[in-house]
Structures are given as C-alpha cells and as structure tokens.
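Hi everyone, thanks for coming. Let me bring the structure up, and then I'll walk you through a sheet and a pair of helices.

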Amino acid sequence: SSDLEENVEMYYHYCTAIPIGTSIAQSWNDEVARECGRIVGEEMEMFDIQVWLAPALNIQRSPFCGRNFEYFSEVPVISGYMAAAITKGVQTYENTETAIKHFACNNQETNRSFSNSLVNERALREVYLKGFEICVKNTAVKYIMTSYNLINGEHVCNRKDLLTAVLRDEWGFDGVV
C-alpha cells in the first residue's frame, strides 16, 4: 500500500467557490446563474474536465433531504430556468458540459436506492419533471443523471416511459442518460 502511495502523482485543483443552488435561485437572475456556470466552465477547461455532475434541480420537497442545498427551489420553473442558465454558462467553453440531475423525484439521501416516490402523472409532469423539461428544451444539455429511487414501484433507470417516451420522444433529448 505504501509503495503505491509513493508512486502516485497528486493533483490539486483549487477552484472558485460559487454559491449553492438555493442562493443562486434566490437571486431570481438568470444572468447571475449564467455567470456562475461560466466560472465553472472556465475552470473545467483549465483543468481539462469535460463533464460537471451538476446542476441538481430536484424540488426541495422535505427539509430532511440531504441535498436541498444543491437544489434551487420548491418551484419547478425557477429550477428549470436556473439550471438552463448555468448550463449555458458552462457551455460557453468548448467541450465542457453539464449533467443535470437527479432525474427524477430524488427526495432523500438515506436509503435512496429503495425510496419509492408515489406520485400521479399530473404531479410528476407539473412539479417533478417540469424543471428538467425547461432545461432540456432551452439548452443543448448532453447528459442527464437519473436518480436512484423508485417512482411508483419501478427504479427510474428502468422506466422507458420517462427515459424514452418523455425525455427523448416528447422533449427531443438526444444525449446520454
């Protein structure tokens, strides 16, 4: 173990600390969000990083969700437009992309692989998917990260209705999930 550690070259990437998602959303200013994305994109280019696993735009549904600081809002429209602005900011640099996440209904961190979000189609479309839809339709986002949870008893990564029918066929997403 110590031989391996001695022969490993260490890299440190000191980066700008941009505000958390909630603070960016509280600005109600997509130019501020775009500038935050531009800062991230510049540093991604500097460090030769192609994909940023962000922004996270789930709905702040419970005060106990361990990722609320990443999420923008309780309002899907704000989440969608802020994520779109950040994505556009990152994409001002060549070969830098975002991976918007967590598609969809990520409401908790503890035991999230077995969390089952019970939600009807109207609430799913109007609340939980709306921000993702706005971001997909208003940007050239290339990556979407699914959530680990189940929706109505089926893991999101297995849901053809969401990943193909909605995401690709309805919204026109042609990137990587």
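**The sheet first**

Okay, so strand 2 (residues 97-103) pairs with strand 4 in the parallel sense, over four bridges. Strands here are DSSP E runs of at least two residues, helices are H or I runs of at least four, and both are numbered from the N terminus. Two strands count as paired if DSSP finds at least two bridges between them. Before going on: this is a predicted model, where local features need pLDDT of at least 70, side-chain atom pairs need 80 or more, and totals for chains, interfaces and linings use all residues. Residues are numbered from 1 along each chain as its sequence is written, and side-chain values use heavy atoms, leaving out hydrogens and water.

One bridge to look at: A99 has Y143 as its partner in strand 4. The sheet is open, with three strands in the order 1-2-4 and parallel pairing. Strand 1 (51-52) and strand 4 (143-146) are at the edges with a single partner strand each, so one side of each has no neighbour in the sheet.

Now the helices. Which residues of helix 6 are buried, meaning under 20% relative accessible area with a 1.4 Å probe, protein chains only? They are G131, F132, E133, I134, C135 and V136. These pack against helix 4, strand 2, helix 5 (121-128), strand 4 and helix 7 (160-170), with contact meaning heavy atoms within 4.5 Å.

Finally, the axes of helix 4 (residues 76-90) and helix 6 (residues 130-138) come within 7 Å and cross at roughly 35°. Those axes are lines fitted to C-alpha atoms over the stretch in contact, with angles from 0 to 180 degrees between N-to-C directions.

Conventions:
Buried means under 20% relative accessible area, exposed over 50%, partly exposed in between (1.4 Å probe, protein chains only).
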